[in-house]
Amino acid sequence: MISERLIFNHYTFSDFEDYFQLVSNIDVMKMVTGRPDEESEARERFENMLSDNVKNLIIGRFKVTLKSNGSFVGHAKLEMTKKNEAEIGYLLMPEFWGKGYGSEIAHSMVNLGKQIEDIHTLVAIIDPENVASQKILMNQGFEWDYDGNYHGLPAAYYKFKI
């Protein structure tokens, strides 16, 4: 999949170093889990992502790179959470923050979701203090649904009806 400035490819085994560089970065992960991932947990999650991606060749988890030079930008996901519902998500390397890439990724995941007949609702879960992601989601048409917890951390749940 390609957007204006980005290329989205399902992860392959050789992408672990880029993925680990992202999830081991405290600045990236403080709004996700509150701490960087250890290599062993990142590797386990990555291997699960690879096997999930094999099951569905359209949606899943994607390595995001710049179209212009192939630089690793971050991570995107569109995955089924329950019948007729999928979750979008995105993580960016800090050097790409504030340049519209989060919006471009979110827009691409929403567009992908709209193309899949079985998806009627999209959800996104963010840290309630992540104002940048809040803006991105609202600009894509998501509406706040409720505040709750996600893996023991405060979370804001957003919803988008297709």
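**Notes on the sheet, three asparagines and the largest pocket**

1. A good place to start is the S2–S3 pair: strand S2 and strand S3 (residues 72-82) run antiparallel and are joined by six bridges. One pair to look for on screen is Val64, which sits opposite Gly74 in S3. Please keep in mind as you read that this is a predicted model.

2. The link between these two strands is worth a look as well. S2 and S3 make a hairpin with five residues between them, and Gly70 in the turn has a positive phi of about 80 degrees. Asn69 belongs to the loop between S2 and S3 too.

3. Is Asn69 buried or exposed? Asn69 counts as exposed because its relative accessibility is 53%, and the cut-off for exposed is over 50%. The Asn69 side chain has a polar contact with the side chain of Ser71, at 2.9 Å. If you would like a distance for orientation, the C-alpha atoms of Asn69 and Glu38 are 29 Å apart, with the two residues 31 apart along the chain.

4. Back to strand S2 itself, which covers residues 60-66. S2 is mostly covered, and seven of its seven residues are buried. Strand S1 (residues 6-10) is joined to S2 by five bridges, and the two run antiparallel. Within that pairing, Asn9 has Lys63 in S2 as its bridge partner.

5. Now for the whole sheet. Strands of a sheet can pair in parallel or antiparallel fashion, through backbone hydrogen bonds. Here, seven strands make up an open sheet with mixed pairing, in the order S1-S2-S3-S4-S5-S7-S6. S1 and strand S6 (143-150) are the edge strands, each pairing on one side only. From one strand to the next, the twist averages 30 degrees.

6. For the parallel sense, turn to S4 and S5, which are joined by three bridges. Ala86 is found opposite Leu122 in S5.

7. Which strand gives the most to the lining of the largest pocket? That is strand S4 (residues 85-92), with six residues. The largest pocket holds about 1,300 Å³ of space and has 47 lining residues. Of these, Met31, Val32, Tyr90, Leu91 and Ile125 lie nearest its centre. Sorted by class, the lining has 23 nonpolar residues, along with twelve polar and twelve charged ones. You may want that breakdown at hand when you look at the pocket.

8. Another asparagine to check is Asn53, in helix H3 (residues 39-55). Asn53 has a relative accessible area of 4%, so it is buried. What does the side chain of Asn53 reach? At 2.9 Å, it reaches the backbone oxygen of Arg61. Arg61 falls within the residue range of S2, 60-66, so this contact ties in with point 4.

9. Last comes Asn130, in the loop between strand S5 (121-126) and helix H5 (131-139). Asn130 is buried because its relative accessible area is 17%, and the cut-off for buried is under 20%. A polar atom of the Asn130 side chain lies 3.0 Å from the backbone nitrogen of Ser133. To view the asparagines side by side, set Asn130, which is buried, and Asn53, also buried, against Asn69, which is exposed.

Definitions and conventions. Residues are numbered from 1 along each chain as its sequence is written. This is a predicted model: local features need pLDDT of at least 70, side-chain atom pairs count only at pLDDT 80 or more; totals for chains, interfaces and linings use all residues. Side-chain values use heavy atoms; hydrogens and water are left out. Buried means under 20% relative accessible area, exposed over 50%, partly exposed in between (1.4 Å probe, protein chains only). Helices (H or I, at least four residues) and strands (E, at least two) are DSSP runs, numbered from the N terminus. Two strands pair if DSSP finds at least two bridges between them. A polar contact is a pair of N or O atoms within 3.5 Å; within protein, one must be able to donate a hydrogen and the other to accept it, and residues adjacent in sequence count only if both atoms are side-chain atoms. On a 1 Å grid over the protein atoms alone, a cavity is a set of points where a 1.4 Å probe fits but cannot get out, and a pocket is an open set with protein on both sides within 12 Å along at least five of seven lines; lining residues have an atom within 4 Å of a point. Grid points are joined across faces, edges and corners, and a volume is the space filled by probe spheres set on the points. Ala, Val, Leu, Ile, Met, Phe, Trp, Tyr, Cys and Pro count as nonpolar, Asp, Glu, Lys and Arg as charged, and the others, Gly among them, as polar. Axes are lines fitted to C-alpha atoms, for helices over the stretch in contact, and angles run from 0 to 180 degrees between N-to-C directions.
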